[in-house]
Amino acid sequence: MNPEAWLGKRWRAGRYTCWDFVVEILAREFDLALPDLKPERIDAHSALRAILDGRLRFTKIEAPAEPSIVLFPAPPEPHIGLHWQGCVLHLLRDGARYEPLAEVAKRYHAMEHYQCQPA
């Protein structure tokens, strides 16, 4: 996967968020389709609920794998990104970023890693 190819993506409130971004990357780069969570809002809040209540087959892992979901469940607001080569590819309101995991972790109070189970 080339993270640079994803950096032109833009946030569209209520239509394309950090969760949509991760879903699109997993589908296109890793042929991993995630279930449609509609009619819930497709954002970090609904993704967090879906992961925690088991609707998404994700297993919590102690350390990041490649690729794996990086979930920041705490304030300033829940956020999701994709761990790849020691960095996080994620979408913020000002656009997509590919940043070292340690730098992203400084902005959030908690961080969890999840890996999707095969169908």
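**Sheet order, cores and aromatic pairs of a predicted chain**

User: Does T59 count as buried, exposed or partly exposed, given its 35% relative accessibility?

Analyst: At T59 the relative accessibility is 35%. Buried means under 20% relative accessible area and exposed over 50%, with partly exposed in between, using a 1.4 Å probe and protein chains only. The class of T59 is therefore partly exposed.

User: On what kind of model do these values rest, and what is the pLDDT limit for side-chain atom pairs?

Analyst: Residues are numbered from 1 along each chain as its sequence is written, and side-chain values use heavy atoms, without hydrogens and water. The model is predicted: totals for chains, interfaces and linings use all residues, local features need pLDDT of at least 70, and side-chain atom pairs count only at pLDDT 80 or more.

User: Which pattern of helices and strands does the chain follow?

Analyst: Helices (H or I, at least four residues) and strands (E, at least two) are DSSP runs, numbered from the N terminus. The chain has three helices and six strands. Read along the sequence, they give the pattern α-α-β-β-β-β-β-α-β.

User: In what order do the six strands stand in the open sheet?

Analyst: Two strands pair if DSSP finds at least two bridges between them. β1 and β6 run antiparallel and are joined by four bridges, β2 and β6 pair in the antiparallel sense over three bridges, and five bridges join the antiparallel β2 and β3. β1 and β5 (95-100) each have a single partner strand, so they stand at the edges, with one side of each left without a neighbour in the sheet. The order of the open sheet is β1-β6-β2-β3-β4-β5.

User: Which residue of β6 is the bridge partner of K60 and stands opposite I69?

Analyst: T59 lies in strand β1 (residues 58-61), and its C-alpha is 5.3 Å from that of Y114, although the two are 55 residues apart in sequence. In β3, the bridge partner of I69 is L82. Four of the five residues of β6 are buried, so β6 is largely enclosed by the rest of the structure. The β6 residue that stands opposite I69 and is the bridge partner of K60 is Y114.

User: What angle does the direction of α1 make with that of β3?

Analyst: Axes are lines fitted to C-alpha atoms, for helices over the stretch in contact, and angles run from 0 to 180 degrees between N-to-C directions. Contact means heavy atoms within 4.5 Å. The twist of the sheet averages 35 degrees from one strand to the next. Helix α1 packs on this sheet, touching β2, β3, β4 and β5, and its direction makes with that of β3 an angle of about 30 degrees.

User: Which element gives the largest share of the largest nonpolar core?

Analyst: A nonpolar core is a set of buried Ala, Val, Leu, Ile, Met, Phe, Trp, Tyr and Cys residues joined through side-chain atoms within 4.5 Å. The largest has 20 residues, of which F21, I69 and I80 touch the most other members. Two or more residues come from each of α1, β2 (68-72), β3, β4 (87-92) and β6 (112-116). The largest share, six residues, comes from α1.

User: How many residues form the other core, which includes L92?

Analyst: L92 is found in strand β4 and is buried, with a relative accessible area of 15%. Leaving aside its neighbours within four places in sequence, L92 is in contact with W11, H79, R97, R107 and Y108. F72, V88 and V104 are also among the members of this core, which lies apart from the largest one and whose residues number seven.

User: What is the angle between the planes of W6 and F21?

Analyst: Rings of Phe, Tyr and Trp (its six-membered ring) pair if their centres lie within 6.5 Å; planes under 30 degrees apart count as stacked, over 60 as edge-to-face and the rest as tilted. The whole structure holds three aromatic pairs. W6 and F21 form an edge-to-face pair, at 6.1 Å centre to centre, with an angle between the planes of 85 degrees.

User: How is the pair of F30 and W84 classed?

Analyst: F30 in helix α1 and W84 in strand β3 (residues 79-84) are 54 residues apart. F30 is partly exposed, with a relative accessible area of 26%, whereas W84 is buried at 12%. Their ring centres are 5.5 Å apart and their planes stand at 55 degrees, so the pair is tilted.
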